[in-house]
Amino acid sequence: MGVEMSDSTPPPQQLLERLKDYGQEDVFSLWDELSPSHRQLLVHDIESLDLPRIDRIIRCSLESQGLPTAAIEPVPGEDVSTVEGRTMEERERWWKMGLKAISEGKLAVLLLSGGQGTRLGSSDPKGCFSIGLPSGKSLFQLQAERILCVQKLAAHSMKEAPVASVPIRWYIMTSPFTDEATRKYFESHKYFGLEAEQVVFFQQGTMPCVSKDGRFIMETPFSVAKAPDGNGGVYSALKTSKLLDDMASRGIKFLDCYGVDNALVRVADPTFLGYFIDKGVDAAAKVVRKAYPQEKVGVFVRRGKGGPLTVVEYSELDPTLASAINQETGRLRYCWSNVCLHMFTLDFLNQVANGLEKDSIFHLAEKKIPSIHGQTVGLKLEQFIFDAFPYAPSTALFEVLRDEEFAPVKNANGSSFDTPDSARLLVLRLHTRWVVAAGGFVTHSVPLYATGVEVSPLCSYAGENLEALCRGRTFHAPCEISF
């Protein structure tokens, strides 16, 4: 751990001088009261910090606060592929293009899974959570089985010469708080049928929590308070863990990126991938129409006329702009909600990992931080996944239907929105529509709006190939339909 310390040992002079250079020498203010073992822990904690980088980030982030930003503009209609603007022929063509790229091993999936289910009443990783479907499957299992289904669809799509299923690499970003539990969960469930080698875990970084003047907050007398660096920490984490190089060596060209807490997420969506390849852009996002002006979702905007695409959080959007109506369409001018469903080229991810690091500007979130003085109001430094978009030379938005692809699981049952109950109903209702469209019948002993059937992802990815399983059959809700 370092040099042996006695009660009279002063702080290491060289380390103290470095801290003084950055105005952080207060971390040693309780040194004289610490035991020798706690002194060693404190020295080890400070030595583990990249002080020049952290100082640069703190300074740049604090200085950028309150600076005027370019006026925002709505995203032009031609930048968005709307649901009503797409033809069946286009959808089929994109689906086939996507499956071909997947069969060639060009797509990997990137899961943002650093959060715990704290708001759901659980300390487990959020992906371990079950929303109460008839199958009892967790979010992780639903997503793993969707990957299995896409692999099979891609292999079978090569009609001239069907290929063996190409494993889709699944890169899962954890945090220091969820890493061990996530790995153990996958091991104990035998990776839900995936090959262990195709699932790659890596950790996002942490950043010290600071006071409003940029000083480190001490969680204990011998450790600095730290917090995960936000889901945008994925870029630097991929770089430092050499996974961008790993992807390149495997011939991966495209990354499908999403957050763990969406029960309806279409992981490795062939249609979205085909659209992305067809457009030839560097970055794209799936969007849903904002339901009402005050909905608590960030929206995509342009910074200035013809400026870069970026996201404005709902808390930062002026209420007048949030309510503004497009006179031609009668819809909200700022209507394209960010739901954390993104597609990137690998080349672009490399550019972003370098660009975000160089600019060193993080978002500052005012939070209560556990400290030696109890709960202290301080700042957490975070980056967000959408911080990449202003760096993209070309971007596109792809509208999807909320009730088909967006069932967020954020709050405990009993809350007014985004609960396990609301997500479960969205899944059951969608799958019931699939079954009826495939010629099946559904009976139920409670009102149908409160129940439905669940279709295993191993049977169908998006409602396809269900006729043989469903036509003429009656299913009593709630139940799971599987092979």
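Visitor: Which residues lie nearest the centre of the second largest pocket?
Guide: Bear in mind that this is a predicted model. The lining of that pocket comes to 24 residues. Those nearest the centre are Arg-91, Arg-266, Thr-271, Glu-404 and Ala-462.

Visitor: Which element gives the most to the lining of the second largest pocket?
Guide: The elements that give two or more residues are helix H4 (88-103), strand S17 (395-399), helix H12 (402-405) and helix H13 (420-437). With four residues, the top contributor is H4.

Visitor: How many of the residues lining the second largest pocket are charged?
Guide: Two of the lining residues are polar, and 11 are nonpolar. The charged ones number 11.

Visitor: What is the volume of the second largest pocket?
Guide: We've met its lining of 24 residues. The volume is about 650 Å³.

Visitor: On to the rings. How many residues apart are Trp-95 and Tyr-461?
Guide: There are 19 aromatic pairs in the count, and Trp-95 with Tyr-461 is a tilted one, 6.3 Å centre to centre with 50° between the planes. Trp-95 belongs to helix H4, while Tyr-461 is in the loop between strand S19 (453-455) and helix H14 (467-470). That makes it a link between distant parts of the chain, with a separation of 366 residues.

Visitor: Is Trp-95 buried or partly exposed?
Guide: Buried means under 20% relative accessible area, and exposed means over 50%. Its ring partner Tyr-461 has 4%, so Tyr-461 counts as buried. Trp-95 has 23%, so Trp-95 is partly exposed.

Visitor: Why is the pair of Phe-300 and Phe-389 classed as it is, and what is the class?
Guide: Phe-300 sits in strand S12 (residues 299-303) and Phe-389 in the loop between strand S16 (374-382) and S17, 89 residues apart. Phe-300 is buried at 1% relative accessible area, and Phe-389 is buried at 0%. Planes over 60 degrees apart count as edge-to-face. Here the ring centres are 5.3 Å apart and the planes are at 75°, so the pair is edge-to-face.

Visitor: Which residues do ring pairs link into a cluster?
Guide: Seen one pair at a time, it's easy to miss the bigger grouping. Ring pairs join up a cluster made of Phe-140, Trp-170, Tyr-185, Phe-186, Tyr-191, Phe-192 and Phe-201.

Visitor: Which residue lies over the face of Phe-398?
Guide: A charge sits over a ring if, for Arg, CZ is within 6 Å of the ring centre and within 35 degrees of the ring normal. Over Phe-398, at 3.9 Å from the ring centre, lies Arg-86.

Definitions and conventions:
Residues are numbered from 1 along each chain as its sequence is written. This is a predicted model: local features need pLDDT of at least 70, side-chain atom pairs count only at pLDDT 80 or more; totals for chains, interfaces and linings use all residues. Side-chain values use heavy atoms; hydrogens and water are left out. On a 1 Å grid over the protein atoms alone, a cavity is a set of points where a 1.4 Å probe fits but cannot get out, and a pocket is an open set with protein on both sides within 12 Å along at least five of seven lines; lining residues have an atom within 4 Å of a point. Grid points are joined across faces, edges and corners, and a volume is the space filled by probe spheres set on the points. Ala, Val, Leu, Ile, Met, Phe, Trp, Tyr, Cys and Pro count as nonpolar, Asp, Glu, Lys and Arg as charged, and the others, Gly among them, as polar. Rings of Phe, Tyr and Trp (its six-membered ring) pair if their centres lie within 6.5 Å; planes under 30 degrees apart count as stacked, over 60 as edge-to-face and the rest as tilted. Buried means under 20% relative accessible area, exposed over 50%, partly exposed in between (1.4 Å probe, protein chains only).
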